[in-house]
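Q: Can you walk me through this structure? I'd like to start with the basics and then go into details.

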Amino acid sequence: MKKLLMMALLLSASAGFAGTTTQKWTAGWDNFGEPLNYTTSKVAWSVNASSKKLTVTYTLVSAIPGKLYQVDLAFFCSTFANTFGQFPVQRLVNGDCQTITRQNVTAAAAYVEVGVVTTDLNGNGVFAVTIGPIAAGTYNVEFRALDGAGCNLTGGAGNGSDCDADFQSPGPFGTTTTIVIP
Amino acid sequence: MKRNFLLSAVLLFATAHAFAGATTQKWSAGWDNFGEPLNYKTSKVTWSVNSAKKTLSVTFKLAAASPNKLYQVGINFFCTTFPATFGNYPVNGGGGACNTITRQGVTEGVTSVEIGAVTTDEHGNGSFAVVIGPIAAGSYVLEFQTRDSVGCNLIGGDGNSDCADDFQSPGPTFGDTTTITIP
């Protein structure tokens with residue numbers, strides 16, 4: 001009986017939590033000279049299918065010490081909803097994603113700003129966020145770290161050069177990760 | 001069987017010794033701004049010390065603050081002198097003699113470290129967790145603080161134009177402190 005209960009618990013847990021995917025950062029898509037240890041820096045994400053939540057952990061190693069890097073998700077899309085989980089979606093015009101050209105690739109995108117990595121005196125920092133519940137769908141996304149904090153948010157540097165992307169994952173521009181929310 | 005039991009007991013004791021229980025405390029308004037929205041009942045700061053690793057874990061949680069806003073979070077130490085670093089974070093001003101400031105009618109010597117940012121969602125909710133360390137042994141008298149924007153003493157925000165404190169913990173008055181001991 002005990003064994004059966006354990007098996008049932010394990011089964012329900014594995015159905016709810018897909019495994020964590022870990023991927024590397026690459027430079028850009030705007031700035032290509034920002035320091036980073038590309039070997040140990042990473043983005044890790046996982047989907048909880050039962051709660052329809054996406055958990056993302058952004059890790060930067062050996063970036064600039066004492067610096068704010070806003071982190072987000074860039075969706076490659078033609079149209080997009082106004083919200084992604086509990087976060088508003090940026091750069092939509094009447095629901096249409098806006099076309100930009102980076103690294104000689106032209107694509108339409110929309111953005112969700114979810115947090116900030118603050119680096120310590122070694123240039124290391126981590127930020128984790130859980131987003132959701134998210135509408136079911138297949139999302140083609142790049143994770144980004146921007147060159148400051150305040151882009152499309154209140155309380156920072158505003159919408160200037162801090163909106164430039166220092167790091168993208170997976171990259172280069174337009175090379176995406178597909179996240180499925182069932 | 002007996003040996004297993006003994007081993008488990010030793011392991012449990014060691015773990016309990018290394019991890020002190022988490023302390024949860026509320027935010028208060030101020031000490032600079034007193035009108036920033038916040039659900040003071042559900043917002044909180046939670047901290048714990050790992051005495052084996054000499055690290056301090058802190059989770060800053062804001063609920064029903066201004067939506068889609070960046071709040072810088074840090075620690076304000078009450079001191080006469082202070083080292084140049086606190087764990088893996090630089091101390092503002094590079095350490096040395098602490099600066100005297102007056103808030104809410106109270107004058108104290110202080111210094112601070114900036115350790116992260118809370119980004120709120122469309123409901124004004126957000127959290128940030130950090131592990132600081134290893135930290136030099138000592139008793140630290142402090143308040144946790146939330147500033148009205150990001151960039152104070154850091155690169156990449158709006159600079160030092162708005163370092164004002166929206167929330168303090170414990171407060172409610174500047175100088176109402178928490179003592180954290182690193183063994």
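A: What follows goes from the overall fold to the chain contact and then to some backbone details. This is a predicted model, in which local features need pLDDT of at least 70 and side-chain atom pairs count only at pLDDT 80 or more, while totals for chains, interfaces and linings use all residues. Residues are numbered from 1 along each chain as its sequence is written, and chains are lettered from A and ligands numbered from 1 in the order in which they are written.

Q: How many helices and strands does chain A have?
A: Chain A has one helix and 14 strands. Helices (H or I, at least four residues) and strands (E, at least two) are DSSP runs, numbered from the N terminus.

Q: What is the radius of gyration of chain A?
A: It is 17 Å for chain A, which agrees with the value near 16 Å for a compact globule with 182 residues. The radius is taken over C-alpha atoms, and the globule rule is 2.2 Å times the number of residues to the power 0.38.

Q: And how much of chain A is buried?
A: Of its 182 residues, 41% count as buried. Buried means 20 or more other C-beta atoms within 10 Å of the residue's own, exposed means 12 or fewer, and partly exposed is in between, with C-beta atoms placed from the backbone.

Q: New topic. How many residues does each chain give to the contact?
A: Chain A gives 27 residues and chain B gives 26 residues. Two residues are in contact if their C-beta atoms, placed from the backbone, lie within 7 Å.

Q: Which element of chain A gives the largest share?
A: E10(A) does, with four residues.

Q: Back to the backbone. Which peptide bonds are cis?
A: One joins Ser169(A) and Pro170(A), with omega about 5 degrees. Another runs from Gly171(A) to Pro172(A), with omega near 0 degrees.

Q: Where is Pro170(A)?
A: Pro170(A) lies in the loop between strand E13 (165-169) and strand E14 (177-181) of chain A. Pro172(A) is in the loop between E13 and E14 as well.

Q: What about Asn104(A), buried or exposed?
A: Asn104(A) is exposed, because 8 other C-beta atoms lie within 10 Å. Asn104(A) also has a positive phi of about 65 degrees although it is not a glycine.

Q: And Ser62(A)?
A: Ser62(A) has a positive phi of about 60 degrees and is not a glycine. With 16 C-beta neighbours inside 10 Å, Ser62(A) counts as partly exposed.
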